[in-house]
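Visitor: I should be grateful for a close look at one part of this model, namely its aromatic residues and the nonpolar surroundings in which they sit. Please give the criteria along with the values.

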Amino acid sequence: MAQYYATLHCSQYPRTRVRITSSSLTDSNRRTELNMGSTTKDSSLLGLYAMNGGGGQHSYAQNSSYQRGVIDVANPVIEEGIAAKLDISHLSSTQTSPFRIADFGCSTGRNSFPYIQIITQAIEKKLMAEKGLITQIPEFHVFFNDQLMNDFNTLFRSLPPQINFHAAGVPGPFHGRLFPKASLDFAYCTCALNWLSQVPKAVGDHMSPAWNKGKVHYTGAKQEVVEAYSDHYAHDIKSFLEARAEELVAGGLMALLVPADPDIKSSATSFTTPTEIDLLGSCLLDMANKGLISEQKVDTFNFPLYFTIPQELKEIIERSNSFTIERMEILDNPGKRTLCSAKARAAYLRAVFEGMLTNHFGSEVMDGLFDCYEKKIAAAPHFLDPDNEKSIIIFVLLKRKAE
């Protein structure tokens, strides 16, 4: 059995101390301590986007079948990409240094571990096929990255009993550097690049033309709001690519599975994830109208999520001078077929958004908020037919250019 250990490393916050404790190995309650020294950080940068931890009723581990569905459809394209595009020329014939893999956006590991198995097995197969060049399969070091507030305790407790890699946790936002220069051989990011580094500042500024008063997302908002989100997304992806370009070896591969919207607009009987976020926003407005939360609270809240379209993402990547696009295609997520009830759809969104919503609105309104959402979903039957969901996954395989 391989070893695992925790690496508390965050180059953006060198003065940050993170301690995550659990009263027992089976207790999902955890305490996270942040010591920011004398430096004040914007709350959007403190890792408040983490999924619900533990293994309870509202946890991400129990409500991530939607994201897990990507595994089956992505499996063959990842295997084919590694077989055709993995460059092993930098590995010696008697390799002794480890082969390093990073997972950006691991959450609590439920969906990360199957991907790691697919990736490591595909790499082993590729290396074994090159027997003339490689006589010894290197050890695998896998680094699991997510926000500072991520429940790494649950991740490490959930590791399969028999693994073929050494594991480490690396907390910190992935839009900046996290690893030493040229230290990674393979990187991947699944269902996480739709998260922005923060809400675009203009949409929360009442003096800006992009002020998003009365709404919590860009869906159905005025054009200035949409442009603010789009511009911020382009900046974030550029930063992400620049950071990974520093960290990957020349010829290293990076696989991205990016939640996205199709090029065509949804009809009255179809929907995408942004449509659901907008519906959740309407529940917040209903609560404000009833006096359960303040209208000011709603006006100062926006979801830091953006769902790109294929051509937009392709153009952003092509502007990078560090990567070549080796493969890019659209995948349909079969995981959407696991959310066929209003209760399941509400639980899925609660596992993803509850931490962020609690931070802004307070925990006492969460049950009411998601009860409202569940009722609205149940009253709109087209949300319960998976064929009406038009969200897509964009698979992109990138190769680091030689300098």
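Guide: Phe104, Phe143, Phe174, Phe179 and Phe240 form one aromatic cluster; rings of Phe, Tyr and Trp (its six-membered ring) pair if their centres lie within 6.5 Å, with planes under 30 degrees apart counted as stacked, over 60 as edge-to-face and the rest as tilted. The model is predicted, so that local features need pLDDT of at least 70 and side-chain atom pairs count only at pLDDT 80 or more, while totals for chains, interfaces and linings use all residues. Residues are numbered from 1 along each chain as its sequence is written, and side-chain values use heavy atoms, with hydrogens and water left out.

Two rings of the cluster also meet a charge. The charged end of Arg244 sits over the ring of Phe104, 4.2 Å from its centre, and over the ring of Phe240, 4.8 Å from its centre. The criterion is that NZ of Lys or CZ of Arg is within 6 Å of the ring centre and within 35 degrees of the ring normal.

Phe104 leads on to the nonpolar interior. The largest nonpolar core has 79 residues, and Phe104, Phe303, Phe353 and Leu357 are those with the most contacts inside it. Such a core is a set of buried Ala, Val, Leu, Ile, Met, Phe, Trp, Tyr and Cys residues joined through side-chain atoms within 4.5 Å; buried means under 20% relative accessible area, exposed over 50%, and partly exposed in between, with a 1.4 Å probe and protein chains only. Helix α8 (residues 342-361) gives the most to this core, with 9 residues; helices (H or I, at least four residues) and strands (E, at least two) are DSSP runs, numbered from the N terminus. Beyond its neighbours within four places in sequence, Phe303 is in contact (heavy atoms within 4.5 Å) with residues including Val199, Tyr229, Phe353, Met356 and Leu357. Another core, of 40 residues, lies apart from the largest one, and among its members are Ile119, Phe156, Phe186 and Leu397.

In total, the structure holds 17 aromatic pairs. The pair of Tyr115 and Tyr188 is tilted because the ring centres are 5.9 Å apart and the planes stand at 50 degrees. This pair links distant parts of the chain, with Tyr115 in helix α2 (residues 112-129) and Tyr188 in strand β7 (residues 184-190), 73 residues apart. Tyr115 counts as buried at 2% relative accessibility, and Tyr188 is buried with a relative accessible area of 2%. Tyr233 and Tyr306 likewise form a tilted pair, 4.9 Å centre to centre with 40 degrees between the planes. Here Tyr233 belongs to helix α4 (residues 223-247) and Tyr306 to the loop between α6 (295-299) and α7 (310-318), 73 residues apart. Both Tyr233 and Tyr306 are buried.

One strand completes the picture. In strand β6 (residues 165-171), 7 of its 7 residues are buried: Phe165, Ala167, Gly169 and Pro171 point one way, whereas His166, Ala168 and Val170 point the other. Strand β5 (residues 140-146) and β6 pair in the parallel sense over 7 bridges, pairing being assigned if DSSP finds at least two bridges between the strands. Within this arrangement, the bridge partner of Val142 in β6 is Ala167.
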